[in-house]
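Q: Could you take me through this protein, explaining at each step why a given term applies?

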Amino acid sequence: MLNLFNIKNKFNFKAGSTKEYIMERTEVVLNETNRGEIFLFSDDKKAGKMDISVKGSTLKVYHTEVDEVYNGRGFARILLDKLVAYARENSLKIIPLCPYVHGQFKRRPEEYADVWLKNDE
């Protein structure tokens, strides 16, 4: 069953110069073995995801992808923000196996110090 954790966030922002609002929503879905994804939806269409797993007090993130249609809109950052918020809410340390997440952690180590489980690099 893919619904042990079903956590949703909503983000609103104006798209371009129009007055139309686009709704982004994230959802953490883990199966019974605590493997799953963080999904990002834009106007109820799947726009991206992160592959994750949770074991004990660690959260591994393996891969981040955003559909090409949504490039340049900051959607990978929305996924990253949800990942970090989820880790903080659940007292988890993140092992960033995903190159995107690892790169962001290295760029701003002070911002992620509380959730980044570093191995000696």
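Q: What makes the link between the side chains of Lys49 and Asp51 a polar contact?
A: In this predicted model, the side chain of Lys49 meets the side chain of Asp51 at 2.7 Å, and because a polar contact is a suitable pair of N or O atoms within 3.5 Å, the pair qualifies.

Q: Why is Lys49 called buried?
A: Its relative accessible area is 15%, and since buried means under 20%, Lys49 falls on the buried side of that cut-off. Leaving out residues up to four places away in sequence, Lys49 touches Glu37, Ile38, Phe39, His63, Thr64, Glu65 and Leu79.

Q: Why is Asp51 called buried?
A: Asp51 has 18% relative accessibility, and because the limit for buried is under 20%, Asp51 counts as buried. Apart from neighbours within four places in sequence, Asp51 is in contact with Gly36, Glu37, Lys60, Val61, Tyr62 and His63.

Q: Where do Lys49 and Asp51 lie, and what makes that element mostly covered?
A: Lys49 lies in strand 4, which holds residues 45-55, and Asp51 lies in strand 4 as well. Eight of the 11 residues of strand 4 are buried, and on that count the strand is described as mostly covered.

Q: How do you know that strand 3 and strand 4 pair?
A: Eight bridges are found between strand 3 and strand 4, in the antiparallel sense, and because at least two bridges are needed for two strands to pair, the requirement is met. One of the links can be named, for Arg35 has Ser53 in strand 4 as its bridge partner.

Q: What makes strand 4 and strand 5 a pair too?
A: Strand 4 is joined to strand 5, residues 58-66, by eight bridges, with the two strands running antiparallel, and since the rule asks for at least two bridges, this is a pair as well. Here Ser53 has Lys60 in strand 5 as its bridge partner. The two strands form a hairpin with two residues between them, and Gly56 in the turn takes a positive phi of about 60°.

Q: What makes the phi of Asp44 worth pointing out?
A: Most residues other than glycine have a negative phi. Asp44 is not a glycine, yet has a positive phi of about 65°, and it is found in the loop between strand 3 and strand 4. In the hairpin of these strands, Asp43 also takes a positive phi, near 50°.

Q: Why is Asp44 called exposed, and why is Asn34 called partly exposed?
A: Asp44 has 63% relative accessibility, and because exposed means over 50%, Asp44 counts as exposed. Asn34, in the loop between strand 2 and strand 3, has a relative accessible area of 25%, and because partly exposed covers the range between under 20% and over 50%, that term applies to Asn34.

Q: How do you know that the span of helix 1 agrees with its number of residues?
A: Helix 1 has 15 residues, 75-89, which at 1.5 Å a residue should span 21 Å, and because its end C-alpha atoms are 21 Å apart, the two values agree. The buried residues of helix 1 include Phe75, Ile78, Leu79 and Tyr86.

Q: Which elements make up the chain, and in what order do they run?
A: The protein chain has three helices and six strands, running β-β-β-β-β-α-β-α-α from the N terminus on. Of its 121 residues, 40% count as buried.

Definitions and conventions. Residues numbered from 1 in each chain as written. Predicted model: local features only at pLDDT ≥ 70, side-chain atom pairs only at ≥ 80, totals over all residues. Heavy atoms only, no water. Helix = DSSP H or I, 4+ residues; strand = E, 2+ residues; numbered from the N terminus. Buried < 20%, exposed > 50% of the residue type's maximum accessible area, 1.4 Å probe, protein only. Expected span 1.5 Å × (residues − 1). Polar contact = N/O pair within 3.5 Å; in protein donor to acceptor, adjacent residues only side chain to side chain. Contact = heavy atoms within 4.5 Å.
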